[in-house]
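Q: Could you take me through the contact surfaces of this model in one connected account? I'd like a close look at what each one is made of.

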Amino acid sequence: MTPALLGNLSVSLALAFSLLGLALALLAYLQGDGRFLRGARALVLPAFLAALAAFLALEWALLAHDFSLAYVARNHSTKDPLWVTLVTPWAALEGSILLWGLLQTLYTLLASRKPLDPWRASLVLAVLYGIQVFFFGVMATIASPFQTLPNPPQDGVGPNPLLQNHWMMAVHPVLMYLGFVGLSVPYAYAVAAMVARRYQTWVEETRWWTLIAWGFLTAGKVAGMWWSYEVLGWGGYWAWDPVENASFVPWLLATAFLHTALVQQTRGAFKAWNFAFVTLAFAATVLGTFLTRSGVIQSVHAFAEGPVGPAFLGFFLLATGLGLGLLSRVSREVRDTALFHPFSREGALLLGAFFFAGWALVVVLGTFYPLLVEAFAKAKVSVGAPFFNQVSAPLGAGILLLMGVGPLLPWRRPRKEVFRNLYLLLSVLALGTLLGLLRGYTLGASLAVGLFLYNAAAIYLLAREGVLARVRAGLSPWGFLANRRRVGSLVVHFAVALMGLGIAFSQTYRLESEKTLYRGEAWEVGGVRLTFQGVRALDEGRRFAVEALLGTGRFGEVRPRLHFYPQMNSPLPAPKVIYTPGNDYYFLLMDFDREKGEWASIRLIVTPLVFWMWVAGALMALGTLYILWPVGRAEEARGVSPA
Amino acid sequence: MKPKYLLGLLVILGALGYMVFGGLGRNLVYFLTPSEYLQDQARYQNRPVRLGGLVKPGTVQYDKDRLELRFVLTDGVAEVPILHKGTPPGMFKEGQGVVVEGRFQGGVFQGTNLLVKHSETYQAPKAGWTPEEVRKLIEEAK
């Protein structure tokens with residue numbers, strides 16, 4: 001038994017189980033026969049086990065340095081440390097698809113355990129099996145992780161050094177995939193709801209899935225930003241790169257869906273919007289993979305070179321067409337009949353969802369625009385970051401504005417006492433902005449201060465309202481914490497406001513300076529006194545490192561590095577970042593005297609409030625976790641009772 | 001929906017549309033070769049462009065104390081002088097295919113970002129290459 005044999009066998013088995021499962025699930029729906037459904041359900045576990053075996057086969061091949069596999073030869077080296085080897089399955093395309101497929105089978109397994117009426121259960125399984133068929137079909141044909149080489153090399157080059165430079169790269173892709181795949185369950189339920197014409201309960205039934213997908217997407221995004229900041233060496237965390245945009249769009253659409261789903265759960269309205277948003281959010285995950293993996297970004301012409309691009313594009317069109325096609329068929333039945341005042345909770349939630357969806361549309365337009373220009377005008381262009389920043393600033397500010405007032409508005413129509421709160425909040429906003437202006441901040445940064453304080457005040461009002469209501473009813477005020485959805489969402493909203501403040505300040509105030517220093521020379525910059533004490537070279541086996549020794553006084557000795565990897569022509573910077581609550585100090589070694597180590601070019605980037613963005617990211621994840629924790633158990637408990 | 005809300009929605013959509021299409025036009029960064037630039041100089045004056053070409057051998061001057069890198073970018077037909085503030089990237093050398101982001105100011109291209117097109121299969125351009133061939137070479141040598 002070789003890893004290739006085990007891998008190929010497992011992929012084929014996973015594909016076969018998924019195909020059979022799809023056929024049985026469709027038969028169960030069409031024939032209305034419970035035996036077919038039992039059959040389809042029984043195949044969920046074998047499909048997962050086959051996918052797991054395939055994944056383990058790839059790990060085995062990597063650990064055993066089996067360079068007869070093309071994937072191992074291209075992405076692994078005997079010099080890799082153990083942790084790099086273990087995460088190499090998601091360092092390139094084929095392995096990533098395998099991980100995606102494995103997570104899909106896991107989610108199908110978990111989702112199939114939930115009792116549901118047989119019609120929708122068959123349809124949900126059919127959709128999830130259909131997605132599995134796509135992924136394992138791609139693996140079995142055009143992007144096999146187990147392709148063998150006729151003449152295996154003795155050693156490989158290892159994964160892309162950018163991915164080895166920080167442990168976050170082990171975590172970020174898995175979080176993203178857990179989020180992407182998580183959206184498949186609400187999507188499957190939505191399709192089932194539209195086919196079976198039972199439009200109401202699916203959002204409540206998939207609440208846990210929507211939240212967990214959102215939580216993972218958020219954590220994955222923030223982890224990616226942190227990685228970009230600490231590894232890429234330009235001192236930024238977001239460049240509006242197509243790869244970043246590709247995962248931002250599903251997040252935006254999932255956020256829109258999360259908020260409109262709330263309305264259907266509590267008020268029964270927005271059914272059509274929810275079908276549309278969940279379809280678009282799921283389809284966006286596939287579109288993102290198409291964008292980043294087909295080479296279409298480099299050039300339209302790269303698209304036709306590999307079969308993976310067309311396959312993902314086709315799957316995207318199929319997923320979108322299925323969701324939106326079904327929606328157009330049932331649109332008459334899911335139309336909202338109840339009227340609501342635009343100045344109500346529903347109104348704010350829907351407007352907020354429009355902001356998120358509009359933002360997604362703008363990002364998609366900006367990302368695809370160069371392709372259109374290249375295809376039709378034959379000119380090669382790129383859309384600069386200023387475009388994305390210009391359109392994102394007002395959209396982000398609008399969302400922050402809605403986020404504060406929305407939760408304070410009552411359902412259906414505004415009540416008088418709301419206006420008192422609203423005037424209070426608007427005064428906080430105005431005062432905060434004025435305070436910022438008086439301190440000499442730019443208008444944008446001042447507005448960010450105002451919006452942060454406005455949101456903090458809104459959260460205070462909401463928490464106070466919740467606590468007072470309990471005290472009036474003679475209950476312990478601490479019981480408010482048991483309202484996990486409310487408390488968790490307040491934590492997440494506070495984190496979003498904090499993130500907004502961090503983004504506004506780090507984008508507005510950034511000091512970047514570079515200088516060539518001779519040994520012993522001191523440089524006063526950005527409130528730091530740097531003394532260059534020399535360079536040191538280190539041989540670390542898989543790479544060669546050069547570090548500059550910088551005395552800084554307040555931070556002790558700081559050692560930014562350059563890493564030289566044998567498989568890379570140019571060295572990779574490994575910046576040294578000192579976080580403080582006010583400013584981040586980002587030290588970079590740019591160049592050095594290769595003969596005597598007498599001089600080095602050092603760059604220092606000082607950015608305010610970046611530290612708080614990572615705090616905000618952690619708070620978003622924790623807030624989501626706080627909401628999810630008991631809901632998961634409650635669902636399990638509900639799972640025991642027969643449907 | 002009442003007409004006044006519809007009107008509000010239209011205003012919002014219009015503002016968004018103006019923002020997007022106005023913004024796109026203003027922030028489009030053209031990817032050019034030196035010949036393409038010289039054919040239509042007025043059009044690209046003071047707007048961000050990406051110039052692609054080869055570092056002309058014998059023209060590189062780097063002053064590490066002032067952090068100024070000067071060289072001539074060529075596509076075999078036309079040449080453009082470049083002034084880039086900052087250290088040259090690790091792979092920067094004569095005859096190398098590079099992309100410089102920046103803008104023209106007074107006859108000199110002020111680069112803000114310098115990207116080296118690295119490729120194992122890179123070939124030096126032969127004499128008499130057309131810009132189209134150089135461009136293809138640069139695009140391929142990603």
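**Where the parts meet**

A: In this predicted model, the interface of chain B and chain A holds eight residue pairs in polar contact, with both partners at pLDDT 80 or more. On the chain B side, α1 (3-26), β1 (28-32) and α4 (131-140) each give at least two residues to the surface that touches chain A. The largest share comes from α1(B), with eight residues. Sorted by class, that side of chain B has 13 nonpolar, six polar and eight charged residues. No salt bridges are counted between chain B and chain A.

Now for the extent of this interface. Chain B brings 27 residues to the contact and chain A brings 29. Together the two chains bury about 2500 Å², and carbon and sulfur atoms account for 67% of it. Within chain B, the residues that lose the most area to chain A are B:Leu24, B:Asn27 and B:Lys64, which together make up 21% of what that side buries.

Chain A also has a surface inside it that deserves a look. Its domain assignment gives domain 1 (1-164), domain 2 (169-404), domain 3 (405-509 + 620-630) and domain 4 (511-611). The C-alpha centres of domain 2 and domain 3 of chain A are 25 Å apart, and their contact takes 30 residues from domain 2 and 33 from domain 3. The area buried between these two domains is about 2800 Å², 67% of it from carbon and sulfur atoms. A:Phe343, A:Arg345 and A:Met403 supply 26% of the area that domain 2 buries against domain 3, more than any other three residues.

Between domain 2 and domain 3 of chain A, zero salt bridges are counted, alongside 15 residue pairs in polar contact, both at pLDDT 80 or more. The elements giving two or more residues to the domain 2 side are α12 (207-231), α13 (242-267), α16 (345-377) and α17 (385-405) of chain A. Of these, α12(A) provides the largest share, eight residues. That side divides into 17 nonpolar, nine polar and four charged residues.

A:Phe343 comes up again among the aromatic rings. Over all chains there are 48 aromatic pairs, and one of them joins A:Phe343 and A:Phe419 in a stacked arrangement, 5.8 Å centre to centre with 10° between the planes. This pair links distant parts of the chain, 76 residues apart: A:Phe343 sits in the loop between α15 (308-334) and α16 of chain A, while A:Phe419 belongs to helix α18 (residues 416-438) of chain A.

Key:
Residues numbered from 1 in each chain as written. Chains lettered and ligands numbered in written order. Predicted model: local features only at pLDDT ≥ 70, side-chain atom pairs only at ≥ 80, totals over all residues. Heavy atoms only, no water. Domains from an automatic or database assignment. Contact = heavy atoms within 4.5 Å. Buried area = accessible area lost by both parts, 1.4 Å probe. Salt bridge = Lys/Arg side-chain N within 4 Å of Asp/Glu carboxyl O. Polar contact = N/O pair within 3.5 Å; in protein donor to acceptor, adjacent residues only side chain to side chain. Helix = DSSP H or I, 4+ residues; strand = E, 2+ residues; numbered from the N terminus. Nonpolar A, V, L, I, M, F, W, Y, C, P; charged D, E, K, R; others polar. Phe/Tyr/Trp six-rings, centres within 6.5 Å; stacked < 30°, edge-to-face > 60°.
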